Amino acid sequence: MSDGNYERKILKKEDRLIVSIDVSSKQEMISLCHKINNRVSTLKLGLEMIYSCGTDIIKTAKSFGYKVMVDAKLMDIPNTVSQAISAITRLGADSVTLHCLGGSKMISEARNSAKKESDAINSFPPLLFGVTILTSLDNNDLDSMGFKSGFLSSVLTLAEMSVGSGIDGIICSPNEVLSLREKLGCSFYIATPGIRLAHDEANDQKRSSTPYDAIKNGADFIIVGRSITSKEKIDEPINIIFSEMERALE
Ligand code: C5P
């Protein structure tokens, strides 16, 4: 596993909490960078941010001292994804997401491209995280798309194929972490979105749980957006999440 960016055994709480910045202007992003005040190591910049502001926004986040997870959710033929991964590596991404549904060859070629490109620019390759089944989908949604075996079985199958193809980490709902660890062990990272604090709205997330459950069950990272960024006093949810994590790791 390439882990120049994170040492698995010594993950600190500030490494484990990844804040998802889903806003559409540079000013809002900068304001969140200040409010978060480097209490976490990594910001996740995804489709809304990058299509609104362009890829320079990655450099902006890094200039505040954050690592960046580029939530590109890539899925295309292997050659196209490989070229995109090379470009994202040159942009300085610390981690990148792609859809496991792109298949084994797409993942292994992406892995090779990340390594080749990072060697060429003398940096660490970004960690590749495979999105299994979006946490906004439930069994009814999957059924209507032809996935008849349900989300747990689909997540496990996709994760097994992806880990075998060289992915560094798996993205799934907190509810699937335990089964994933039981079936596939601990040789790969798990990051879970779909995190909600008690009293939070579920919004569009259908398979959500708490930071405590996610970490207790074996997730390495939790990805939290609106439960932090929509709050007036950002320190409060961060404090709650950190103390839930510490309790889960006791
Ligand atoms: O605001 P919230 O905490 O729901 O944000 C979750 C973030 O994680 C969003 O940016 C979303 O795109 C992302 N994500 C997800 N489910 C996945 C993969 C990524 O919700 N399976």
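Arg226 reaches the ligand with its side chain: an N or O atom there is 2.7 Å from an oxygen atom of the ligand. The model is predicted. Lys44 and Arg196 also place a side-chain N or O atom by a ligand oxygen, at 2.7 Å for Lys44 and 2.8 Å for Arg196. The protein covers 89% of the ligand's accessible area, which is 470 Å² for the ligand on its own.

| Side chain (N or O atom) | Distance to a ligand oxygen atom |
|---|---|
| Lys44 | 2.7 Å |
| Arg196 | 2.8 Å |
| Arg226 | 2.7 Å |

**The shell**

Fifteen residues make up the surroundings of the ligand. Those that come nearest are Asp22, Lys44, Arg196, Gly225 and Arg226. Sorted by class, the shell has six charged, five nonpolar and four polar residues. Where does the ligand sit among the pockets? The ligand takes up the space of the largest pocket.

**Salt bridges**

How many salt bridges does the structure hold? The count is 14. One salt bridge pairs Asp235 with Arg39, and their closest N and O atoms are 2.7 Å apart. This pair ties together distant parts of the chain, 196 residues apart. Asp235 belongs to helix H12, residues 235-249. Arg39 lies in the loop between helix H2 (26-36) and strand E2 (42-45).

How values were computed:
Residues numbered from 1 in each chain as written. Predicted model: local features only at pLDDT ≥ 70, side-chain atom pairs only at ≥ 80, totals over all residues. Heavy atoms only, no water. Near = heavy atom within 4 Å. Polar contact = N/O pair within 3.5 Å; in protein donor to acceptor, adjacent residues only side chain to side chain. Areas by Shrake-Rupley, 256 points an atom, 1.4 Å probe, with all protein chains shown as cover. 1 Å grid on protein atoms, 1.4 Å probe; cavity = no way out; pocket = protein on both sides within 12 Å on 5 of 7 lines; lining within 4 Å. Sits in = over half its atoms within 2 Å of the grid points. Nonpolar A, V, L, I, M, F, W, Y, C, P; charged D, E, K, R; others polar. Salt bridge = Lys/Arg side-chain N within 4 Å of Asp/Glu carboxyl O. Helix = DSSP H or I, 4+ residues; strand = E, 2+ residues; numbered from the N terminus.
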